[in-house]
Amino acid sequence: MLKYIILLIFLFGWAEGASQCQVRLKSSLRSTYQDGSNANNVDAIYDLQVDNTGSCAVTGLTISIGFSAPNSQIIGKWNLQPTGNNYQVTGYGTQIEAGSSLSSPGFIVSYPKQYQSSFTATASTVSVACSSSCVAVPSAAPSSSPSATPSSVPSAAPSSSPSSAPSASPSSAPSSSPSSSPNVSATSPPTTTAACSLAISHKSTNSWSSEGQQYTQYDCTLSNTGSSAISTIVIHLNGDVTQYWNMEATGSNGDIAPPSYAVPLSAKSAYTFGYIIKGATPANVAIVSPSGCSGGST
């Protein structure tokens, strides 16, 4: 009898831990267009929303993405880092607070045109990690109940609770059709200023041509190389930028800033956003705030 009681206590604790550390995923179709390199394919842009439905801050999330049509492949993505056949969600600073949502990840998938009327893309949670004071969702409940009533009273209850799930770290997309899968170039060396220790680096992740115009997609990383957190970051992208994501407009003059969940930017940490610009040269980034920083293309 005591063994059954212990099992019930374990299951109750497991269920409580699951409710503390959990997320809900939603994939939304933004738009579709004819693939630029394959006349038999259609490309679709999807946005992903992550809702923290638990009571603990989420510090890491790994997801899988599945498609309803065969021969489908992801040809572009943002705030999704490949890890084997899955993806780590990025772009949210250090954690997603309980009750809040993250809507910055997304991807572009190319699939056969014949499946356009019924095509769906679905995101599923592989693992989720929460702050150390919370319990992560176990991979499975106990596989079986006790085989018989014990003949003697156990000397002690189980010594540990279920182990935590693997940890993982965590916007609009191109308006023109990419002609090929991303060609990632080497990261440009960052520059920094002593006054505020904010380094800026660019990395080309894709390029294509549409109606005779070249477009290039860049990831831009803002790195706090100093020893203190930066509470406010405002920048201006100088150049013919057609689109950006993971940044928010701060006014009508074109200044942009990271969303509230990404600041303050802790010491030795970084935040990455993306943009698309006409041509091949990265935008020149002017730092509006904090004062004392100089901008530039790096």
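**Exercise 1. Leaving aside neighbours within four places in sequence, find which residues Thr-94 is in contact with, and say whether Thr-94 is buried or exposed.**

Step 1. Beyond four places in sequence, Thr-94 is in contact with Val-58 and Thr-59, where contact means heavy atoms within 4.5 Å.

Before going on, a word on the model: it is predicted, so local features need pLDDT of at least 70 and side-chain atom pairs count only at pLDDT 80 or more, while totals for chains, interfaces and linings use all residues. Residues are numbered from 1 along each chain as its sequence is written, and side-chain values use heavy atoms, with hydrogens and water left out.

Step 2. Take Val-58 next: 36 residues separate it from Thr-94 in sequence, and the C-alpha to C-alpha distance is 8.7 Å.

Step 3. Now place Thr-94: it sits in the loop between E6 and strand E7 (101–102). Helices (H or I, at least four residues) and strands (E, at least two) are DSSP runs, numbered from the N terminus.

Step 4. The relative accessibility of Thr-94 is 55%, so it counts as exposed. The cut-offs are under 20% relative accessible area for buried and over 50% for exposed, with partly exposed in between (1.4 Å probe, protein chains only).

**Exercise 2. Work out which residue of E8 is the bridge partner of Ala-44, and which is the bridge partner of Ile-74.**

Step 1. Look at E8 itself: this strand covers residues 106–112, and seven of its seven residues are buried.

Step 2. Strand E2 (residues 41–52) pairs with E8 in the antiparallel sense over seven bridges. Two strands pair if DSSP finds at least two bridges between them.

Step 3. Strand E4 (residues 73–78) also runs antiparallel to E8, joined by five bridges.

Step 4. Val-109 is the partner of Ala-44, and Val-109 is also the partner of Ile-74.

**Exercise 3. Take the open sheet of four strands, give its strand order, and explain why E10 and E13 each have one side without a neighbour in the sheet.**

Step 1. The order reads E10-E11-E16-E13, with antiparallel pairing.

Step 2. E10 (198–210) and E13 (241–245) are at the edges and have a single partner strand each, so one side of each lacks a neighbour in the sheet.

Step 3. From one strand to the next, the twist averages 20°; axes here are lines fitted to C-alpha atoms, for helices over the stretch in contact, and angles run from 0 to 180 degrees between N-to-C directions.

Step 4. Inside the sheet, E11 (residues 213–224) and E16 (residues 270–278) are joined by nine bridges, and Tyr-218 has Tyr-275 of E16 as its bridge partner.

**Exercise 4. Identify the residues that touch the most other members of the largest nonpolar core, and the strand that gives the most to this core.**

Step 1. A nonpolar core is a set of buried Ala, Val, Leu, Ile, Met, Phe, Trp, Tyr and Cys residues joined through side-chain atoms within 4.5 Å.

Step 2. The largest one has 28 residues, and those touching the most other members are Tyr-46, Leu-61, Ile-63, Leu-80, Val-89, Phe-107 and Phe-119.

Step 3. At least two residues each come from E2, E3 (58–67), E6 (86–89), E8 and E9 (121–130); E2 gives the most, with five residues.

Step 4. Another core, of 20 residues, lies apart from this one and includes Ile-200, Leu-237, Phe-273 and Ile-287.

**Exercise 5. Classify the ring pair of Phe-273 and Tyr-275.**

Step 1. Rings of Phe, Tyr and Trp (its six-membered ring) pair if their centres lie within 6.5 Å; planes under 30 degrees apart count as stacked, over 60 as edge-to-face and the rest as tilted. By this rule there are nine aromatic pairs.

Step 2. For Phe-273 and Tyr-275 the centres are 6.4 Å apart and the planes at 35°, so the pair is tilted.

Step 3. Phe-273 is buried at 1% relative accessible area, and Tyr-275 is buried at 0%.

Step 4. Elsewhere, ring pairs link Tyr-46, Phe-67, Phe-107, Tyr-111 and Phe-119 into a cluster.

**Exercise 6. Find where confidence in the protein chain is lowest and where it is highest.**

Step 1. pLDDT is the predictor's confidence in each residue, from 0 to 100. Its mean for the protein chain is 76, and 70% of the residues reach 70 or more.

Step 2. Confidence is lowest in helix H1 (residues 2–20), at a mean of 49, and highest in E3, at 94.

Step 3. Over residues 136–195 the pLDDT is below 50, and the model has 140 contacts for this stretch beyond near neighbours in sequence. Where pLDDT is low, the predicted coordinates should not be read in detail.
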